Amino acid sequence: MAVETTMDIFGLNTITCLVLLAVFLLFLRHYITGLNLPPGPPRLPIIGSIPFMLGKDPAKILAEWAEKHGYNTDIISVQLMGRTTIVLNSYEAMKELLHQDVYSGRVTTFIGDMLGWTKYGIVSSQGEKWKQRRRLALSTFRDLGMGKPLVEEKIQEEMIHLEAAIHQSLGKSFDIGPNINNAVSNVISSIVFGQRHEYSDVMFQKFLAECNNILARGGADSITLNFPFLQWIPGDLFNVKEAVKSSFKVTQDFAGGHVKRHLNAANDNAIEEDDFVYQYISQSRKRAPDDDTENVLMAATTELFLAGTETTTTTLRWAVLYMIQYPDIQTRVREEILENIGADQMPCMKHKSILPYTEATIAEVQRLGNVAPLSVPHTLLEDTQLRGYHLPKGAMVIPNLYASNMNPKDWSNPDTFDPSRFLKDEKYFKKDMNIPFGIGKRVCLGESLARMELFIFFTRLLQKFSFKDASEGNCRDVGAVTGLTRMPAPYDIIVQSN
Ligand code: HEM
């Protein structure tokens, strides 16, 4: 009765009152969370700063906001839909903050939850469990011989298969991307599962296609990331549920099969192969028997494929593209290789020191290619004070690697492809601000593997083949497509044998 009287006074029904109350609370929350955060672009209630980013390259606009629009700081805050986000726009800020535990959280995603990655993975988990698994995975990689002959040999072996595949297309116009993708995935497969797969293997191809599916659907997942209630709406509004189903099937069919085979062999004390899964099982049994090992391996091995395949493939696709766009640099790299290791010797890691221009070229490909421009988002594990600002627990933290790789203060003409910026006295000169693998506690776990793959694949490709534009100008204006990674649009080339 009393409620009805109130309604009469304002002339509103209950539903309208509730909606108005919800809108008022959203405004209040928006206002309160905006207090004492680092400066940043305008934020609208609910949608935040999204309208000011539409149609723009996110990494570039975030770096520009920090640089150009008067905030005068390398750390800005942005409201991305419902989520408070702190963007680190300089090498110095990332170096200072990303080594701290409190910045090492991960954003939980709907897909990650459904697949068990949040609970059992490495890329997607956080806290003590993540630390243990990361330590174990790193020491497993080390024991396998990262930077030592075993892994090097697996990469070299795969390179022979890649060469054979390229030979089938010599002189024809074709897209080299799928060949590179097969080779890179096979390196991970032989290191993680102890088995490579023929490029024609249907199960393997299906697995790779589904991996791409997961990455492509990541965009849709980001909507439910910001508005979790959307995942409970009946139907499949953003195709997210479909993605989860297909991803789950991949994990079960492919990774699951390999993991079970290894666990059975380990239980029978019949470990034969020296690979990541066997080493992980035996190390985890030695340290502390873990009931979750099967789940962890199912989640972590799929994550390793996802984290390691597209990034490495894309970097090599940028490398080939830049060699076509800059033919003089292609010639100079090839001459250095032929002069120092000859036309036939398979490249290995010890050749790095005698191929400084080649190494500098790879570093420049990684800098300008910006394959992971916004890294992988972190979250804050606790409320934190920074430079007099208050950063709330749960805020998303984006390391803007692009801002470091392209900062005009550190790189003259940052948009120009110029390997000589990594040379000093004709030797390779490492520059700290080039951080394609990120920095700090969450730095890429596969960095040494990726560096080996990039060096051996790239050096061998240029030693054995010459790359040309398939049609006049086709490769000159290839643009970047930015999703979870920044990749070149598909392009066709002609390859000739040297
Ligand atoms: C050129 C190739 C690669 C690039 C550019 C790259 C880049 C990155 C970046 C930027 C991150 C996020 C760092 C952060 O959160 O701050 C990352 C994380 C990670 N990468 Fe890579 N990556 C590459 C290859 C690989 C390979 C080959 C593997 C393994 C097979 C791998 C496994 C991982 C894992 C497991 C993580 C998560 C680490 C954690 O959360 O603790 N990556 N990578």
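This briefing looks at the surroundings of the ligand and at helix α17, which takes part in them. Please keep in mind that the model is predicted. In it, 26 residues surround the ligand, and α17 also packs with helix α8.

**Around the ligand**
- Among the 26 residues that surround the ligand, the closest are Gly308, Thr311, Gly438, Cys444 and Gly446.
- Two elements, α13 (293-325) and α17 (447-464), each give two or more residues to this shell.
- Helix α13 supplies the largest share of the shell, with 7 residues.
- Sorted by class, the shell holds 16 nonpolar, 7 polar and 3 charged residues.

**Helix α17 itself**
- Helix α17 is 18 residues long and spans 26 Å from its first C-alpha to its last.
- That reach is close to the 26 Å expected at 1.5 Å a residue.
- Most of α17 is covered, with 15 of its 18 residues buried.

**Where α17 meets α8**
- Helix α8 (residues 149-167) packs with α17 at an angle of about 35°, and their axes are 10 Å apart.
- The crossing of α8 past α17 is right-handed.
- On the α8 side, the contact is made by Val151, Glu152, Ile155, Gln156, Met159 and Glu163.
- On the α17 side, the contact uses Leu449, Met452, Glu453, Ile456, Phe457, Arg460 and Lys464.
- By class, this α8 and α17 contact has 7 nonpolar, 1 polar and 5 charged residues.

Conventions. Residues numbered from 1 in each chain as written. Predicted model: local features only at pLDDT ≥ 70, side-chain atom pairs only at ≥ 80, totals over all residues. Near = placed C-beta within 6 Å. Helix = DSSP H or I, 4+ residues; strand = E, 2+ residues; numbered from the N terminus. Nonpolar A, V, L, I, M, F, W, Y, C, P; charged D, E, K, R; others polar. Axes fitted to C-alpha atoms, helices over the stretch in contact; angles between N-to-C directions. Left-handed = near helix turned anticlockwise from the far one by under 90°. Contact = placed C-beta atoms within 7 Å. Expected span 1.5 Å × (residues − 1). Buried ≥ 20, exposed ≤ 12 C-beta atoms within 10 Å, placed from the backbone.
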